[in-house]
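The following exercises are intended for a reader meeting this structure for the first time. Each task is followed by a solution that proceeds step by step.

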Amino acid sequence: MVSAGDGRTRQDRGTTPRRGDAERNIAAILTAAFDVLSTDPAATMADVARAAGVGRVTLYAHFSSRAELLQALVQQALEETRQLLEDALAVDRPADQVLAGIIHTSWRTLDRHRRIRRVALAELGSEWVAGQHDQVFLRLTDLLARGRDQGVFRSDLPLSWMTTTVYGLLHAAADEVDTGRVSSADAPHLIISSLLPALAG
């Protein structure tokens with residue numbers, strides 16, 4: 001194969017721009033899908049392609065179905081949450097204070113994705129959505145275990161149950177905001193006020 005003179009073949013040099021174009025297209029599609037589906041949950045793939053400024057062929061080359069696109073949006077939100085947890089776990093503070101901070105930051109992510117969450121639950125199913133939280137659950141369980149060692153969280157409940165309680169309250173709050181019974185601004189305080197006394201050691 002002919003060398004391009006900089007350690008890469010001509011084929012390699014031709015591949016790099018195409019990869020960059022693909023990454024830009026994927027980013028544009030995900031941004032457009034988030035905006036479009038947050039506004040209109042019934043929006044079609046054609047609506048997403050139009051908003052992203054790409055053709056339908058390009059859209060389907062990256063996401064073969066609406067379900068696959070929704071899955072990518074859910075995974076993107078969970079990766080953001082996972083990174084927030086990683087950052088929080090690196091902070092040397094009492095675990096209950098760290099958890100309160102995580103509730104605030106996680107709520108901002110969840111609240112921003114509430115409409116996407118609703119569409120995903122309806123079309124992908126609650127079992128699939130819950131199953132994508134494994135990495136988030138692992139890091140949350142690590143924090144709860146740290147709090148137990150520090151004496152700020154109770155030791156008479158399984159860590160798995162405590163993790164499920166945190167997850168359940170966050171998502172119950174999202175449901176309450178969806179119905180209008182709770183405001184988005186009040187949700188973090190309500191979650192923390194309910195959760196920390198229940199977990200306190």
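**Exercise 1. Confidence along the chain**

In this predicted model, pLDDT remains under 50 over residues 1–14, a stretch for which the model has 12 contacts beyond four places in sequence.

Task: State what the mean pLDDT of the protein chain is, and which helices have the lowest and highest confidence.

Solution.
- Step 1. The protein chain has a mean pLDDT of 89, and 91% of its residues reach 70 or more.
- Step 2. Confidence is lowest in helix α1 (residues 10–39), where the mean is 79. It is highest in helix α10 (residues 187–199), at 96.
- Step 3. Where pLDDT is low, predicted coordinates should not be read in detail. Residues 1–14, with pLDDT under 50, call for that caution.

**Exercise 2. Two domains and their contact**

Task: Identify the domains of the protein chain and describe what they bury between them.

Solution.
- Step 1. The domain assignment gives domain 1 as residues 17–64 and domain 2 as residues 65–199.
- Step 2. The centres of the two domains, taken over C-alpha atoms, are separated by 27 Å. Domain 1 and domain 2 each bring 14 residues to the contact.
- Step 3. Between them, the domains bury about 1,200 Å², of which 69% is on carbon and sulfur atoms.
- Step 4. On the side of domain 1, Leu30, Phe34 and Leu37 supply 42% of the area buried against domain 2, more than any other three residues.

**Exercise 3. The buried side of helix α8**

Task: Determine which residues of α8 are buried, and why they lie on the same side of the helix.

Solution.
- Step 1. Helix α8 (residues 134–150) has 17 residues, and its span from first C-alpha to last is 24 Å, close to the 24 Å expected at 1.5 Å a residue.
- Step 2. The buried residues of α8 are Val136, Arg139, Leu140, Leu143, Leu144 and Gly147. Because they cover an arc of only 140° around the axis, they are on the same side of α8.
- Step 3. The general geometry of an α-helix is relevant here: with 3.6 residues a turn, residues three or four places apart point the same way.
- Step 4. The cover over the buried residues of α8 includes α4 (66–89), α5 (95–112), α9 (159–179) and α10.
- Step 5. Leu144 is one of these buried residues, and its relative accessible area is 0%. Beyond four places in sequence, Leu144 touches Leu99, Phe153, Leu159, Met162, Thr163 and Leu199. Leu199 is 55 residues from Leu144 in sequence, yet their C-alpha atoms are 9.0 Å apart in space.
- Step 6. Just after α8 comes Gly151, which takes a positive phi of about 85°.

**Exercise 4. The two faces of helix α9**

Task: Establish which residues of α9 are buried and which exposed residues the opposite face carries.

Solution.
- Step 1. α9 has 21 residues and reaches 30 Å from its first C-alpha to its last, close to the 30 Å expected at 1.5 Å a residue.
- Step 2. Met162, Thr163, Val166, Tyr167, Leu170, His171, Ala173, Ala174 and Val177 are buried in α9. They are on the same side of α9 because their arc around the axis covers only 165°.
- Step 3. Turned away from that buried side, the other face carries the exposed residues Ser160 and Trp161.
- Step 4. The buried residues of α9 pack against α5, α6, α7 (126–131), α8 and α10.
- Step 5. Leu170, which lies in α9, counts as buried because its relative accessibility is 11%, under the 20% cut-off. Outside its neighbours within four places in sequence, Leu170 is in contact with Ile103, Trp107, Leu110 and Ile191.
- Step 6. Gly180 follows α9 and has a positive phi, near 90°.

**Exercise 5. An arginine in helix α6**

Task: Decide whether Arg114 is buried or exposed, and state which residues it touches.

Solution.
- Step 1. Arg114 is located in helix α6.
- Step 2. Its relative accessibility is 12%, so Arg114 counts as buried. The other buried residues of α6 (residues 114–124) are Ile116, Arg117, Val119, Ala120 and Leu124.
- Step 3. Leaving out residues up to four places away in sequence, Arg114 touches Trp107, Ala174, Val177 and Asp178. Among them, Ala174 and Val177 are buried residues of α9.
- Step 4. After α6 comes Gly125, with a positive phi near 95°.

How values were computed
Residues numbered from 1 in each chain as written. Predicted model: local features only at pLDDT ≥ 70, side-chain atom pairs only at ≥ 80, totals over all residues. Heavy atoms only, no water. pLDDT = per-residue confidence, 0-100. Helix = DSSP H or I, 4+ residues; strand = E, 2+ residues; numbered from the N terminus. Contact = heavy atoms within 4.5 Å. Expected span 1.5 Å × (residues − 1). Buried < 20%, exposed > 50% of the residue type's maximum accessible area, 1.4 Å probe, protein only. Arc of directions from axis to C-beta. Domains from an automatic or database assignment. Buried area = accessible area lost by both parts, 1.4 Å probe.
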